[in-house]
Amino acid sequence: MFETLSDRLGGVFDKLTGRGALSEADVSEAMREVRIALLEADVALPVARDFIAKVKERAIGQDVLRSVTPGQQVIKIVHDELIETLGGKDLSTGLTLNVTPPAAILMVGLQGSGKTTSTAKIALRLTQKDKKKVLMASLDTRRPAAMEQLAILGEQIDVKTLPIMAGQTPVDIAKRAMEAGRLGGFDVVMLDTAGRLAIDEQLMAEVADVHTQTSPAETLLVVDSLTGQDAVQTADRFRQRVPVSGVVMTRIDGDGRGGAALSMRAVTGAPIKFIGVGEKIDELDVFDPSRMAGRILGKGDIVALVEKASGEIDEAKALSMQKKLQKGQFDLNDLAEQLKQMRNMGGMGAIMGLMPGMGKMKKAMDQAGGVDNKEMLRQEAIISSMTKKERSNPKVLNASRKKRIAAGSGTSVQEVNRLLKAHQQMATMIKKMGKGGMKGLAGMLGGKGGMPGMGGGMPDMGAMPGGKMPGLGGAMPPGMENIDLSKLGQMPGGLPGLGGPKKKK
């Protein structure tokens, strides 16, 4: 969603960091470009104006203009102000449920904003991560099959839903849900209210009545981020009538311009608590201003990457893989497991989008045709067409075996050879890591490296200007300069960098 804004800001910052010293005129010119970028991203004018004023006031100070790295200082100021605009560092994320059970969570919003799906997503998160016993109830008596939709979602995520009784009003259903929650020993009761195509008096009166009867611990307003400033205006009008405690922004993964997220907190005063990052029922993230600011400035989101990885890793498989890697062993069975886990995490493009400093490389690859995630499926098919002996010992693969594998997987001998070459490069890297740790790996990074799922290999770093990654000045990505890579944890299957393994259920 923030790609255009990130690109524009990245261009401005490249100009700043490319200069040895900054004058007040340089900063003013950069801030004009930042303001245009914000307005093009559909950020509300008062918010953009206030943001620029705060950044400029700090950026033209003596500490910046006389700094050894003034460009980096300005970027840090913009980053800090983005965090404040999005909600601030001290903003408590997640839900406040410190009331006598059952705690009611009232879901409100316009029709089509994703309210029912968001209800199920939050219920799943409360059940899995917070170990809460949750009951869901649909108060939507107008939309056809609305109650059935919530019941079906409840079955999918194994969360109880209130039995449907025809003829009841939303207030009656809410009372029955709270009573069922008390009698059933539920920790949380989620109340999914009806929506409208536009805000009207009847909608507000109904929401207000339900709120009065249930005294919810949280009243969450669900808005569609693709509607831009309309989402902000909707939130503001709801806040005037109902004590909204937080906002859930859906479709944050869409191709909208992202200004609604930047304007929401400043205009309405309501914090964004959750963001929907995909259509799947588990694709919901707790909103974190620091992490979102990092994404906007192209620093990635290493926390989201760790969470994604840990959600796909099996502890037993990870430990087994780790032992093999420590011995410098990496066969085609291991590669197939890596491909599967990368595909489950959204593919290489999604992973690169969350990696610090990879924004520009991802954009360059997208312009060149993008990362072909179907390539992973083809490579998995190639490995599946091999015998156990061939997967454990690729050296036995002669010409006739390769022809058989290509025919069995619906690919060509050339594709089989490319996969084997990529595997060999990875295996060599693993051996170096086993012998020399991170120093051994560092020796590999200057040259060409094969990476499955990327059409034959990583870009040739040596072919880039000065042999450096674009936009990084040859250094580690911003914010990671002081990180000890050897302590970052384990990637899927034990490769360093993406957090630890998933615990057994």
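Two strands pair if DSSP finds at least two bridges between them, and strands themselves are DSSP runs of E with at least two residues, while helices are runs of H or I with at least four, both numbered from the N terminus. In this sense Leu-135 of strand β2 stands opposite Val-189 in β4.

The structure is a predicted model, in which local features need pLDDT of at least 70 and side-chain atom pairs count only at pLDDT 80 or more, whereas totals for chains, interfaces and linings use all residues. Residues are numbered from 1 along each chain as its sequence is written, and side-chain values use heavy atoms, with hydrogens and water left out.

**The sheet**

Eight strands form an open sheet with mixed pairing, and their order is β3-β2-β4-β1-β5-β6-β7-β8. β3 and β8 (284-286) stand at the edges with a single partner strand each, so one side of each is left without a neighbour in the sheet. Three of the pairings are set out below, each with one pair of residues that stand opposite one another.

| Strand pair | Sense and bridges | Opposite residues |
|---|---|---|
| β2 (134-138) and β4 (188-192) | parallel, five bridges | Leu-135 and Val-189 |
| β2 (134-138) and β3 (160-161) | parallel, two bridges | Met-136 and Thr-161 |
| β1 (103-109) and β5 (218-224) | parallel, five bridges | Val-108 and Leu-221 |

β2 is mostly covered, since five of its five residues are buried, where buried means under 20% relative accessible area, exposed means over 50%, and partly exposed lies in between, for a 1.4 Å probe and protein chains only. Val-134, Met-136 and Ser-138 are buried on one side of this strand, and Leu-135 and Ala-137 are buried on the other. Together with α7 and β3, β2 makes a right-handed β-α-β unit; right-handed here means that, with the strands pointing away from the viewer, the path from the first strand over the helix to the second runs clockwise.

**The largest cavity**

A search of the whole structure finds five cavities of 30 Å³ or more. A cavity is a set of points on a 1 Å grid over the protein atoms alone where a 1.4 Å probe fits but cannot get out, and its lining residues have an atom within 4 Å of a point. Grid points are joined across faces, edges and corners, and a volume is the space filled by probe spheres set on the points. The largest cavity holds about 90 Å³ of space, and β2, α7 (146-157) and α8 (170-183) each supply at least two residues of its lining. Among the lining residues are Met-136, Leu-150, Thr-161 and Arg-176. By class, the lining has nine nonpolar, two polar and one charged residues.

**Helix α2 and two further sites**

Helix α2 (residues 24-40) has 17 residues, which at 1.5 Å a residue should span 24 Å, and its end C-alpha atoms are 24 Å apart, which agrees; the expected span is 1.5 Å times one less than the number of residues. Its buried residues include Asp-26, Ala-30, Val-34 and Leu-38. After α2 comes Asp-42, whose phi is positive, near 75°.

Lys-431 is found in helix α21 (residues 413-442) and counts as partly exposed at 47% relative accessibility. Lys-431 and Leu-325, 106 residues apart in sequence, are 7.8 Å apart in space, C-alpha to C-alpha. Asn-393, in the loop between α19 (388-392) and α20 (399-409), is partly exposed at 34% relative accessibility, and its C-alpha atom is separated by 8.0 Å from that of Leu-332, 61 residues apart along the chain.

Key
On a 1 Å grid over the protein atoms alone, a cavity is a set of points where a 1.4 Å probe fits but cannot get out, and a pocket is an open set with protein on both sides within 12 Å along at least five of seven lines; lining residues have an atom within 4 Å of a point. Ala, Val, Leu, Ile, Met, Phe, Trp, Tyr, Cys and Pro count as nonpolar, Asp, Glu, Lys and Arg as charged, and the others, Gly among them, as polar.
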